[in-house]
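This report concerns the structure shown below. It treats aromatic contacts, a helix and the surface in turn.

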Amino acid sequence: MHYNIGNNKLRNKRRKVQFAPSPSIVASTESPQPDADQLWYRKSEISEFKADARRLVQATRSPEDFLKDASLRGLESSTLERRLYRHKTIQCTLSAYKKSMNPEDVAKIAHICGTWNVEVAFVEACRDYYAAYPRKQVVVPKVSSEPPAFPFALRRAKSRAPPCHHEQPKRKVRRRLS
């Protein structure tokens with residue numbers, strides 16, 4: 001192997017950073033900066049935006065409505081079908097991890113499960129692009145409207161709802177024989 005001794009000397013030399021002794025101040029002739037309230041949304045406004053988006057998504061009847069209504073653009077990922085599939089993807093990945101699968105297999109399962117949502121998002125992005133930049137011939141990739149099956153069956157989650165107090169749970173009591 002060939003070493004260059006000259007570079008080693010430069011590498012060992014200590015480097016220093018210095019700042020100017022006094023900062024230079026430049027007077028601005030522009031108008032004063034507007035208040036932060038004028039530049040940024042308040043938390044209450046952001047909450048209103050989110051609530052409006054939730055109402056819009058809940059009012060839609062089918063995934064095709066997202067293609068027809070321009071006010072729903074960008075909310076496709078919030079459809080019930082996509083949210084459920086995303087939740088099931090997370091549950092499937094966690095289930096694989098809990099079954100003590102090796103990390104590579106867990107990663108494969110996460111990739112397999114998440115592919116459909118990624119493909120649907122890509123198709124939506126293509127539609128948005130072609131809507132913004134129209135062309136004569138547009139070929140939008142096809143993706144299945146039905147999400148694929150998961151690699152293994154998932155158990156139903158236990159209900160986290162508190163028990164009703166007016167209903168008494170039925171107890172099974174075994175009588176002792178003596």
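## A buried tryptophan and its partner

In this predicted model, Trp 116 has a relative accessible area of 4%. A residue counts as buried under 20%, so Trp 116 is buried. Tyr 85 is likewise buried, at a relative accessible area of 5%.

A pair of aromatic rings is described by the distance of the centres and the angle of the planes. The model holds four aromatic pairs. In one of them, the ring centres of Tyr 85 and Trp 116 lie 5.1 Å apart with the planes at 65°. Planes over 60 degrees apart count as edge-to-face, and the pair is therefore edge-to-face. This contact connects distant parts of the chain, since Tyr 85 belongs to helix H5 and Trp 116 to helix H6 (residues 103-132), with their positions 31 residues apart in sequence.

## Tyrosines of the cluster

A further edge-to-face pair is formed by Tyr 129 and Tyr 130, whose ring centres are 5.5 Å apart and whose planes stand at 75°. Ring pairs join Tyr 129, Tyr 130 and Tyr 133 into a cluster.

Tyr 129 is partly exposed, with a relative accessible area of 37%. Tyr 130 is also partly exposed, and its relative accessible area is 24%.

## Helix H6

Helix H6 comprises 30 residues. From its first C-alpha to its last it reaches 41 Å, close to the 44 Å expected at 1.5 Å a residue. At Gly 114, H6 bends by about 40°.

The buried residues of H6 include the nonpolar side chains of Val 106, Ile 109, Val 120 and Val 123. Trp 116, Cys 113 and Cys 126 are also among them, as are Asn 117 and Glu 124.

## A further approach to helix H5

Cys 113, one of the buried residues of H6, has its C-alpha 8.5 Å from that of Lys 88, although 25 residues separate the two in sequence. Lys 88 lies in helix H5 (residues 80-98). With a relative accessible area of 40%, Lys 88 is partly exposed.

## A nonpolar surface patch

Which residues form a nonpolar patch on the surface? The patch consists of Tyr 41, Ile 46 and Phe 49, which together have about 330 Å² of accessible area.

Tyr 41 is placed in the loop between helix H2 (36-39) and helix H3 (43-59). Its relative accessible area is 58%. As exposed means over 50%, Tyr 41 is classed as exposed.

Conventions. Residues numbered from 1 in each chain as written. Predicted model: local features only at pLDDT ≥ 70, side-chain atom pairs only at ≥ 80, totals over all residues. Heavy atoms only, no water. Patch = residues over 30% accessible without salt bridge, like charges linked within 9 Å, V, L, I, M, F, W, Y side chains within 5 Å. Areas by Shrake-Rupley, 256 points an atom, 1.4 Å probe, with all protein chains shown as cover. Salt bridge = Lys/Arg side-chain N within 4 Å of Asp/Glu carboxyl O. Helix = DSSP H or I, 4+ residues; strand = E, 2+ residues; numbered from the N terminus. Buried < 20%, exposed > 50% of the residue type's maximum accessible area, 1.4 Å probe, protein only. Phe/Tyr/Trp six-rings, centres within 6.5 Å; stacked < 30°, edge-to-face > 60°. Expected span 1.5 Å × (residues − 1). Bend = angle between axes of the 7 residues up to and from the residue.
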